[in-house]
Amino acid sequence: MPGKPILISQSYPPSVVEHCSSRSACTAPVLEVSCTSCHTDNPAAAGKHRKTGKAIQPLAPAANPERLTDLAKVEKWFKRNCSDVLEGECTALEKGDVIAYLLSVK
Ligand code: HEC
């Protein structure tokens with residue numbers, strides 16, 4: 001079972017991300033935003049939007065069968081959320097890590 005990807009377990013200030021050779025090399029203390037700010041630490045649980053407080057359904061397909069079924073939706077939200085959290089789009093590898101992790105959640 002894949003471990004939790006660094007991408008969803010941590011958040012970085014953009015300045016730190018810029019100066020790291022890779023995101024996994026960045027171990028700065030947690031700051032403003034991470035994926036878990038809205039999706040919680042548990043992908044099988046419902047989250048809450050950090051700004052609007054609106055409920056967000058669980059990210060793991062085990063808990064929410066609609067997840068990861070619509071490519072356009074997945075890409076749209078990766079794009080938006082990665083830009084939000086990391087001020088840049090996620091790489092294919094990062095997205096793959098997140099998806100493998102979400103699929104492993106039972
Ligand atoms: C500011 C709040 C917020 C943050 C931060 C956030 N998300 Fe989201 N995310 C949302 C909302 C809102 C949706 C779309 C509503 C929904 O589908 O429930 C969404 C949808 C998604 C989806 C779509 C899944 C699908 O098939 O429906 C994925 C994947 C996702 N987020 C991953 C991430 C990752 C990875 C990060 C961190 C890089 C992240 N999110 C950070 C709010 C957030």
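Start with burial across the whole chain: of the protein's 106 residues, 17% count as buried. Keep in mind while you click around that this is a predicted model. Colour by secondary structure next, and you should find five helices and two strands. Read from the N terminus, the order is α-α-α-β-β-α-α. For a feel of how the chain folds back on itself, take the contacts between residues at least 6 apart in sequence: 39% of them join residues at least 24 apart.

**Stop 1: the ligand**

Select the ligand and show what lies around it. There are 23 residues in the surrounding shell, and the closest are Cys35, Cys38, Trp77, Asn81 and Val85. Which elements give two or more residues to this shell? They are α1 (6-9), α3 (35-39) and α4 (71-86). Of these, α4 gives the most, with eight residues. Now colour the shell by residue type: 14 are nonpolar, five polar and four charged.

**Stop 2: helix α5**

Move on to residues 92-104, which make up α5. Try a quick sanity check with the distance tool. At 1.5 Å a residue, the 13 residues of this helix should span 18 Å, and the C-alpha atoms at its ends are indeed 18 Å apart, so the two agree.

Then pick out the buried residues of α5, namely Asp97, Val98, Tyr101 and Leu102. Look down the axis: these four cover an arc of only 130°, which means they sit on the same side of α5. The general background is simple: an α-helix has 3.6 residues a turn, so residues three or four places apart point the same way. Spin to the face turned away from the buried side, and you'll meet the exposed residues Ala92 and Leu93.

**Stop 3: the nonpolar core**

Keep Val98, Tyr101 and Leu102 selected and add Leu59 and Ala60; together these five form the largest nonpolar core. As a general point, nonpolar side chains tend to be buried together in soluble globular proteins.

Centre on Leu59. What does Leu59 touch, not counting residues up to four places away in sequence? His39, Pro43, Arg67 and Leu102.

**Stop 4: Pro43**

One of those partners deserves its own click. Pro43 lies in the loop between α3 and β1. Is Pro43 buried or exposed? It counts as buried, because it has 25 C-beta neighbours inside 10 Å, and 20 or more is the cut-off. Leaving aside neighbours within four places in sequence, Pro43 is in contact with Pro58, Leu59, Ala60, Leu102 and Val105. While you are here, draw a line from Pro43 to Pro61: these prolines are 18 residues apart along the chain, yet their C-alpha atoms are separated by 8.9 Å.

**Stop 5: two positive phi angles**

Finish with a look at the backbone torsions. Thr40 has a positive phi of about 65° although it is not a glycine. You'll find Thr40 in the loop between α3 and β1 (47-48). With 16 other C-beta atoms within 10 Å, Thr40 is partly exposed.

Now jump to Leu68, another non-glycine with a positive phi, here about 60°. Leu68 lies in the loop between β2 (55-56) and α4. Its burial class? Leu68 has 16 C-beta neighbours inside 10 Å, so it counts as partly exposed.

Definitions and conventions: Residues numbered from 1 in each chain as written. Predicted model: local features only at pLDDT ≥ 70, side-chain atom pairs only at ≥ 80, totals over all residues. Core = buried A, V, L, I, M, F, W, Y, C linked by C-beta atoms within 7 Å. Buried ≥ 20, exposed ≤ 12 C-beta atoms within 10 Å, placed from the backbone. Contact = placed C-beta atoms within 7 Å. Near = placed C-beta within 6 Å. Nonpolar A, V, L, I, M, F, W, Y, C, P; charged D, E, K, R; others polar. Expected span 1.5 Å × (residues − 1). Arc of directions from axis to C-beta.
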